[in-house]
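Please open the model in your viewer and keep the sequence panel beside it, since this tour moves from one selection to the next.

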Amino acid sequence: MALTRPTGKHRAPSRMTRRSATIAGAATIATTGVCGTLATPAVAAETGTTASMEDTGTTLILAADAEADSLADEVADQAATQQRAAVARVEAAEEAERRAVARALEIREAEARAEREAERKRLNAFQLPIAGSHISTGYQTGGSLWSSGSHSGIDFHASYGTSVVSVGSGTVVEAGWGGAYGNNVVIRMNDGTYTQYGHLASVGVAVGQAVVPGQQIGLAGSTGNSTGTHLHFEARTGSEYGSDVNPVAYLRARGVSL
């Protein structure tokens with residue numbers, strides 16, 4: 001009887017087919033294994049590269065931040081230094097100005113002191129009653145021209161109308177007609193002494209008026225008991241006649257050259 005080969009879906013695979021499947025399975029396994037083996041280092045490599053790049057990027061960012069911070073600090077330091085320098089310049093300028101103001105004040109005060117001292121000296125100074133004149137008749141010269149028998153003062157040569165000035169600082173105690181003295185002025189000096197100016201053509205001051213050295217008090221003339229135009233000058237210890245002292249010694253003792 002002849003054997004019939006089974007057919008249909010339950011037929012066993014042929015040897016060739018099993019071999020092909022085995023080969024295919026082995027290939028798949030091999031491929032999968034290889035792929036797995038290859039895939040793992042690849043992923044690791046990829047992961048390592050990414051980490052390396054991230055590390056490098058972070059380092060660069062940190063380095064950039066550090067550089068930026070360093071630059072900012074440097075700029076801030078420079079700005080602070082410049083500000084301190086500007087403040088120092090302003091303070092130096094203010095100090096220089098203060099010193100200049102103080103020096104100017106010192107100079108003005110020194111000038112004011114010098115002016116006051118000069119004025120004090122001027123007010124305390126004495127001078128001739130007629131500038132550039134000379135004595136024409138001396139003190140205590142005898143003769144009948146004087147009721148006392150001698151000259152109680154000195155006469156200064158003068159032309160009519162010549163300016164007569166106070167020899168020093170004082171206050172006028174008499175101004176006007178004085179009998180034999182004609183128009184005359186008597187001044188109580190600041191040092192307590194008295195001076196008299198006689199035979200004036202006119203009087204230019206009033207009683208109670210303060211006068212200073214060199215201030216005009218009248219004009220030279222020949223009024224009263226006079227033989228010609230001149231100035232009769234007396235120095236006295238009191239205001240009344242008879243208290244006279246030597247006018248030359250009086251003026252010389254006060255720095256006036258005769």
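The stops below follow aromatic rings and a charged side chain in what is a predicted model.

A search across the whole structure finds three aromatic pairs. For the opening stop, select Phe126 and Tyr250, whose rings form an edge-to-face pair, with 6.0 Å from centre to centre and 85 degrees between the planes. This pair links distant parts of the chain, as Phe126 belongs to the loop between α1 (15-124) and β1 (135-137) while Tyr250 belongs to helix α2 (residues 247-252), 124 residues apart. Colour the two by accessibility if your viewer allows it: Phe126 has 16% relative accessibility and therefore counts as buried, the cut-off being under 20%, and Tyr250 is buried too, with a relative accessible area of 5%.

Keep that pair on display and add Arg254. The charged end of Arg254 sits over the ring of Phe126, 5.5 Å from the centre of that ring, and Arg254 also lies over the face of Tyr250, where the distance to the ring centre is 3.9 Å.

Now move to Phe156 and Phe233, both of which are buried. Their ring centres are 6.3 Å apart and their planes stand at 65 degrees, so this pair is edge-to-face. Here, too, distant parts of the chain are linked, because Phe156 is found in strand β2 (residues 154-157) and Phe233 in strand β9 (residues 230-236), 77 residues apart.

For the final stop, leave Phe156 and Phe233 selected and add Tyr197, which ring pairs link with them into a cluster.

Definitions and conventions: Residues numbered from 1 in each chain as written. Predicted model: local features only at pLDDT ≥ 70, side-chain atom pairs only at ≥ 80, totals over all residues. Heavy atoms only, no water. Phe/Tyr/Trp six-rings, centres within 6.5 Å; stacked < 30°, edge-to-face > 60°. Helix = DSSP H or I, 4+ residues; strand = E, 2+ residues; numbered from the N terminus. Buried < 20%, exposed > 50% of the residue type's maximum accessible area, 1.4 Å probe, protein only. Lys NZ or Arg CZ within 6 Å of the ring centre and 35° of its normal.
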